[in-house]
Amino acid sequence: MSTPAPVPIQGEEPTIPLFAERPEWADVVPLEQYEGVNPLAPIMYTPVYKDATNYFRGIVKIGEKSQRVLELTEAIIRLNPAHYSAWQYRYETLLAIDAPLDVELKLMDEIAVKYLKTYQVWHHRRLLLTITRKPAQELDFITRSLTADTKNYHTWSYRQWLLAYFNDEDELWTGELDFVDAMLAQDVRNNSAWHHRFFVVWGCGVREGEEDRERVYKRELTYVKQNISLAPNNLSAWNYLRGIMEHTKTPYSTVKAFVRPYTLPIDPTSVDIVDLENPPPTKGANLPCPSAIEFLADIYEQEKNTLEAIELWTSLASQHDVIRKKYWEHRIRDALEAART
Amino acid sequence: MCANPTQLLIPLHVSYIQKLGDSKDDLAYHLSAHLRLNAIYWGYTALAIMNHPDALDREQMIDFVMSCWDQEAGAFGAHPDHDAHLLSTLSAIQILTAQDAVDKVDVDCVVKFILSLHQPSGVFAGDQFGEIDTRFLYCAVSALSLLGRLHELDKDGKREKTVEYILRCRNYDGGFGSCVGAESHAAQVFVCVAALAILDRMDCVDVDTLAFWLCERQLPNGGLNGRPEKLEDVCYSFWVLSSLSILGKVHWIDVDKLVAFILSAQDTENGGIADRPGDMVDVFHTLFGVAGLSILGYPGLVDLDPIYCMPAKLIEAKGLRKSWEALPRREA
């Protein structure tokens, strides 16, 4: 793996000369923004932005697609990355003049990290990739972007799009579990990373070496149990546990022995027993854990052990998850109803 | 700003929205041109829910909407001279519907534009640039419905494809994402569930699992987040509550705590509501704070239709009311 180039961070509006002052733009007639009635919104643009967008409208009007259009649209995008018409025109221009797309991607590496939360940045990249069809270096880029914002929704869904779009390229997928591991090692509560794990293991077909689904399930079960043991109050991990059990139609009762210690107050007298099947809560964990109580209650409910389930729901409603009291009361009512009929 | 206001400061918020756009030197201003039409919808709807539907000039509003018409595409851009997009087209239709001025629009043209963005997978693109997202799917379905043209989806199995796409966005945790394979997110849950409601396919939803996932968004401080382990934000008061309302489970969350959280995010000097206490206010969070309070039965507010995010009476009058349940309006 090559060392990623450092990403320059720019904090200020770039100081570029006005297009109106550049001789090479003298042939273009700038078009002023339409300023009609505008109740919530009279527009006062900064001179730099106004100048650039005036020339952009001028260019669109004459339909010019050339190298200097790339310069112009880059200037606009840097001033306002959400200007979707500039993005669109830029893309059309790139194709029209057969511009080298690897150069464009390199530029986008910088712009994307700067404007992670802008939809257009990511869509533009998708369009480029469907043409270049060189997804391999993208994964490095995404990993770098995620260090800037580890839960960025656009970045993660771009990664999922990339993997799914190039689903047949097995080598693209080989590092995904290690990648998730690294992300979760950084922050075990990163829901995006847990979601991605599910996507990779269960959501997108079966890859070579993963055909034995029972073995895969056992591996995932061990993985999520270990992670719960290190940080029990982690909604994302409990959701993953439920997710893989539902997906493989495994009865919840099969993890009863694992779940139970998490539903009890911490036992200071307990001794460390190495039980790989059922790793116990880490020392100092905040117990009991509401997600575990909910899980155990679901097990009791499935076992038709209504009274024990109700006892747990009552403890959630009155003590461990009071904010969702109404929900737990609903569970109790429902169970009583079901028991009566 | 005084700490913890205990009431919704309606007159202040009304004047905040009326004054929007006066801040001409605001740097953020030109950067939000791509949301201008949406901003007017947010502002107008917030006013309507606060029972001040006439606080903005009707004619000016309609004129502005019409000035955003993109003749070439046959739909609305976010701003005059901007290219048409589904996000701004829905806002335009919502404003014109509320102002009873849809007759100003070439509806056939808009319907054609919307249908042209339907993809073979069942999702909609936002514009001809081709970005896809369940948000755009919702915009398309909601706009068609408001225009009385939802039946256009019946041709060529578009309706079934649309429903199928939404269901493919459902994740193992019960939530929905922005596209197939993407993480569950409360705002994407709203667009998916509301679209299913408009399409009369709520039978596809596992109500209890999804509603509990939505309840889990409530944090100890009362606020709601959009995904596990993320910060609370006032806008989720709408995304989560509207979804819970469509599922009939608003009462599962701690209402008093959420009301207190939304109220605490108000700017008590200049009006407006922020994403969370102490942050800068904006019109987006002002609408979604007020909308959340309406669903929670806050006194003095007008009922909001959670599916269309418009005044409930208006939607009822158009015969578009679907099944949903807000908390009963409380006395002041």
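## Exercises on a predicted two-chain model

Buried residues make up 59% of the 332 residues in chain B. Keep in mind that this is a predicted model. Let's work through it together.

**Exercise 1. Work out whether the radius of gyration of chain B agrees with that of a compact globule.**

*Solution.* Start with the chain length, which is 332 residues. A compact globule of that length would have a radius of gyration near 20 Å. Chain B has 19 Å, so the value agrees with the rule. For a second view, take the principal axes: the C-alpha atoms of chain B fill a box of roughly 55 × 45 × 35 Å. Finally, look at the contacts between residues at least 6 apart in sequence: in chain B, 67% of these join residues at least 24 apart.

**Exercise 2. Find the residues with the most contacts inside the largest nonpolar core, and the helix of chain B that gives the most to this core.**

*Solution.* First, recall a general tendency: in soluble globular proteins, nonpolar side chains tend to be buried together. Next, turn to the model, where the largest nonpolar core has 159 residues. Leu137(B), Ala140(B), Ala194(B) and Ala195(B) have the most contacts inside it. The helix you want is helix 9 of chain B (residues 186-198), with 12 residues in this core. Now zoom in on Leu137(B): leaving out residues up to four places away in sequence, Leu137(B) touches Val123(B), Phe124(B), Thr162(B), Tyr165(B), Ile166(B), Val191(B) and Ala195(B).

**Exercise 3. List the buried residues of helix 10 of chain B and say which helices they pack against.**

*Solution.* Helix 10 of chain B covers residues 207-215. Its buried residues are Leu210(B), Ala211(B), Trp213(B), Leu214(B) and Cys215(B). In chain B, they pack against helix 9 and helix 11 (235-247). They also pack against helix 16 of chain A.

**Exercise 4. Describe the side of chain A that touches chain B.**

*Solution.* Begin with the count: the contact takes 47 residues from chain A and 49 residues from chain B. Then look for the helices of chain A that each supply at least two residues to its side; among them are helix 1 (47-62), helix 3 (84-96) and helix 16 (325-340). Helix 12 of chain A gives the largest share, 6 residues. Sorted by class, this side of chain A has 21 nonpolar, 20 polar and 6 charged residues.

**Exercise 5. Report how confident the predictor is in chain B and in the complex.**

*Solution.* Chain B averages a pLDDT of 94, and 95% of its residues score at least 70. For the complex, the predictor gives an ipTM of 0.94 and a pTM of 0.92.

Terms used:
Residues are numbered from 1 along each chain as its sequence is written. Chains are lettered from A and ligands numbered from 1 in the order in which they are written. This is a predicted model: local features need pLDDT of at least 70, side-chain atom pairs count only at pLDDT 80 or more; totals for chains, interfaces and linings use all residues. Two residues are in contact if their C-beta atoms, placed from the backbone, lie within 7 Å. Helices (H or I, at least four residues) and strands (E, at least two) are DSSP runs, numbered from the N terminus. Ala, Val, Leu, Ile, Met, Phe, Trp, Tyr, Cys and Pro count as nonpolar, Asp, Glu, Lys and Arg as charged, and the others, Gly among them, as polar. The radius of gyration is taken over C-alpha atoms; the globule rule is 2.2 Å times the number of residues to the power 0.38. A residue is buried if 20 or more other C-beta atoms lie within 10 Å of its own, exposed if 12 or fewer, and partly exposed in between; C-beta atoms are placed from the backbone. A nonpolar core is a set of buried Ala, Val, Leu, Ile, Met, Phe, Trp, Tyr and Cys residues joined through C-beta atoms within 7 Å. pLDDT is the predictor's confidence in each residue, from 0 to 100.
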